[in-house]
Amino acid sequence: MSVENTPLTLDSIRRVPKVLLHDHLDGGLRPGTVIELADAIGYDALPTHDVGELGRWFRDAADSGSLESYLETFAHTCGVMQTEEALVRVAAECAEDLAADGVVYAEVRYAPELFAERGLSLDAVVEAVQAGFAEGERRAAEQGKIIRMGTLLCAMRQHARALEIAEVAVRHRDAGVVGFDIAGPEAGFPPTRNLDAFEYLRTNNAHFTIHAGEAFGLASIWEAIQYCGAERLGHGVRIVDDLKANLDGTHQLGRLAAYVRDRRIPLEICPSSNIQTGAARSIADHPIGLLAKLRFRVTVNTDNRLMSGCTMSSEFAALAEAFGYGWADLQWFTINAMKSAFLDFDQRLDLINNVIKPGYAALV
Ligand SMILES: O=c1[nH]cnc2c1ncn2[C@@H]1O[C@H](CO)[C@@H](O)[C@H]1O
Ligand SMILES: [Zn+2]
């Protein structure tokens with residue numbers, strides 16, 4: 001049956017190849033794993049030890065209307081990710097879960113400094129996560145699901161360790177760390193606080209994205225691109241503040257929005273997460289519809305699967321329902337993401353031509 005004839009359902013969407021560029025390792029744990037790890041390492045601050053209740057607790061607590069309170073829920077996931085065994089397990093399950101959802105290439109990010117509270121070195125953290133991803137790729141392949149994992153290391157905006165983390169990222173670049181990011185609270189922590197890190201990365205020909213234009217507006221996007229040199233924008237949704245609606249329904253782009261679109265700067269859009277942090281009202285009201293229509297380089301992402309109770313496929317399904325997207329649109333988002341990945345060019349091309357396009361051409 002040709003893909004054009006296949007109705008878009010959660011199940012059929014799970015079967016087409018998908019690419020995920022913005023997913024936090026510490027925002028994607030299985031609730032059952034959080035509980036088992038808490039018991040194993042003696043973390044006693046979980047709000048409940050019931051798997052179903054804990055899953056609901058994360059979603060409800062993250063449904064907070066502000067980025068700052070949304071981020072409080074990460075105390076519990078980071079709290080249980082403090083040993084090598086825990087990191088290997090979480091990373092392996094992450095790769096397995098993404099592969100089971102039909103993700104063929106994923107860039108998963110985390111802040112190594114958050115997993116070093118019980119004495120692990122930053123390098124030991126990275127090595128454990130890489131071992132976990134490799135194990136998850138192997139287990140997925142055994143199930144007939146091929147996934148390729150890439151890693152982004154985050155520095156936290158509120159800590160002052162960005163240069164040090166950037167150095168860790170470059171040190172592990174040949175072991176699967178494909179880039180760098182800064183995450184955490186946006187208001188009050190402009191990306192220009194970390195210029196030394198970005199200069200270090202640029203002079204080392206290393207890739208980076210920056211969370212910008214989520215909880216704070218255009219100034220943050222402008223700094224991320226024009227001062228820091230970000231190749232992609234984590235979220236970036238507030239770029240709509242630089243669009244003006246004309247009376248005839250067309251839109252006029254301000255200079256920053258035009259620059260972002262002209263340079264094809266990828267927007268790592270995370271619809272469900274934006275609703276929880278108050279950056280968007282609903283999926284139907286989400287700026288992604290307009291940004292995609294205006295042909296910005298839009299990609300679709302999960303951000304935090306645990307906190308949003310979402311998957312790549314459920315995000316696609318929600319967008320398809322809200323905006324009437326069909327398979328051609330989902331393929332467009334997927335190819336946008338693959339083109340924007342921090343993977344070598346020849347490997348991106350290979351995945352586009354030999355995995356993504358054939359996958360959408362025929363659902364067998
Ligand atoms: O949407 C977001 N905006 C900013 N920071 C975030 C978001 N989601 C997660 N984190 C932060 O990134 C850290 C590393 O993975 C997480 O611990 C969380 O604090
Ligand atoms: Zn994020």
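Glutamate 214 is buried, as 27 other C-beta atoms sit within 10 Å, and 20 would already be enough to count. The model is a predicted one, and this glutamate makes a handy place to start looking around it. Glutamate 214 sits in the loop that runs between strand 5 (209-212) and helix 10 (218-228). UniProt, in an unreviewed entry, puts the feature "active site" at Glu214. If residues up to four places away in sequence are set aside, glutamate 214 touches Leu67, Glu186, His235, Val237, Thr277 and Ala279.

One of those contacts, His235, deserves a look of its own. Histidine 235 belongs to strand 6 (residues 232-235). Its phi is near 75°, which is a positive value in a residue that is not glycine. Histidine 235 counts as buried too, because it has 28 C-beta neighbours inside 10 Å.

Next comes the ligand. Around ligand 1 there are 19 residues, and the closest are His24, Phe74, Ala111, Cys154 and Ala183. Helix 4 (67-72), helix 5 (74-79) and strand 2 (103-110) are the elements that give two or more residues to this shell. Sorted by character, the shell has 9 nonpolar, 6 polar and 4 charged residues.

His24, one of the closest residues to ligand 1, also turns up in the UniProt record. There, an unreviewed entry places the feature "binding site" at His24, Asp26 and Gly184. These three span 161 residues in sequence, but no two of their C-alpha atoms are more than 12.6 Å apart, so they gather at one spot. Histidine 24 is part of strand 1 (residues 18-24) and is buried, with 25 other C-beta atoms within 10 Å. Beyond its neighbours within four places in sequence, histidine 24 is in contact with Arg109, Tyr110, Asp303 and Asn304. Aspartate 26 is in the loop between strand 1 and helix 2 (31-41). With 26 C-beta neighbours inside 10 Å, aspartate 26 counts as buried as well. Its contacts, again not counting residues up to four places away in sequence, are Phe74, Thr77, Cys78, Met81, Tyr110 and Leu114. Tyr110 is therefore a contact of histidine 24 and appears among the contacts of aspartate 26 too.

Asp303, met above as a contact of histidine 24, has a backbone quirk. Aspartate 303 takes a positive phi of about 65° even though it is not a glycine. It is placed in the loop between strand 10 (298-300) and helix 14 (305-308), and it is buried, with 29 other C-beta atoms within 10 Å. Serine 273 is in contact with Asp303 as well, along with Asn304 and Ser308, once its neighbours within four places in sequence are left aside. Serine 273 lies in helix 12 (residues 271-277) and counts as buried, with 27 C-beta neighbours inside 10 Å. From serine 273 to threonine 33 is 240 residues along the sequence, and 22 Å in space from C-alpha to C-alpha.

Two helices round off the picture. In helix 9 (residues 195-203), the buried residues are Ala197, Phe198 and Leu201. Looking down the axis of helix 9, these buried residues fall within an arc of 95°, so they line one face of the helix. Asp196 and Thr203, on the other side of helix 9, are exposed. What does the buried side of helix 9 pack against? The buried residues pack against strand 3 (148-156), helix 8 (162-171), strand 4 (177-183) and helix 10. Just after helix 9 comes asparagine 205, with a positive phi of about 55°.

Helix 15 (residues 312-323) has 12 residues. From its first C-alpha to its last it reaches 16 Å, close to the 16 Å expected at 1.5 Å a residue. Buried residues in helix 15 are Met312, Ser313, Glu315, Phe316, Ala317, Ala318 and Leu319. After helix 15 comes glycine 324, and its phi is positive, near 70°.

How values were computed: Residues are numbered from 1 along each chain as its sequence is written. Chains are lettered from A and ligands numbered from 1 in the order in which they are written. This is a predicted model: local features need pLDDT of at least 70, side-chain atom pairs count only at pLDDT 80 or more; totals for chains, interfaces and linings use all residues. Helices (H or I, at least four residues) and strands (E, at least two) are DSSP runs, numbered from the N terminus. The expected span of a helix is 1.5 Å times one less than its number of residues. A residue is buried if 20 or more other C-beta atoms lie within 10 Å of its own, exposed if 12 or fewer, and partly exposed in between; C-beta atoms are placed from the backbone. A residue is near a molecule or strand if its C-beta atom, placed from the backbone, lies within 6 Å of it. Ala, Val, Leu, Ile, Met, Phe, Trp, Tyr, Cys and Pro count as nonpolar, Asp, Glu, Lys and Arg as charged, and the others, Gly among them, as polar. UniProt positions are given in the numbering used here, feature names are shortened, and annotations may be inferred rather than shown by experiment. Two residues are in contact if their C-beta atoms, placed from the backbone, lie within 7 Å. The arc is that of the directions from the helix axis to the C-beta atoms.
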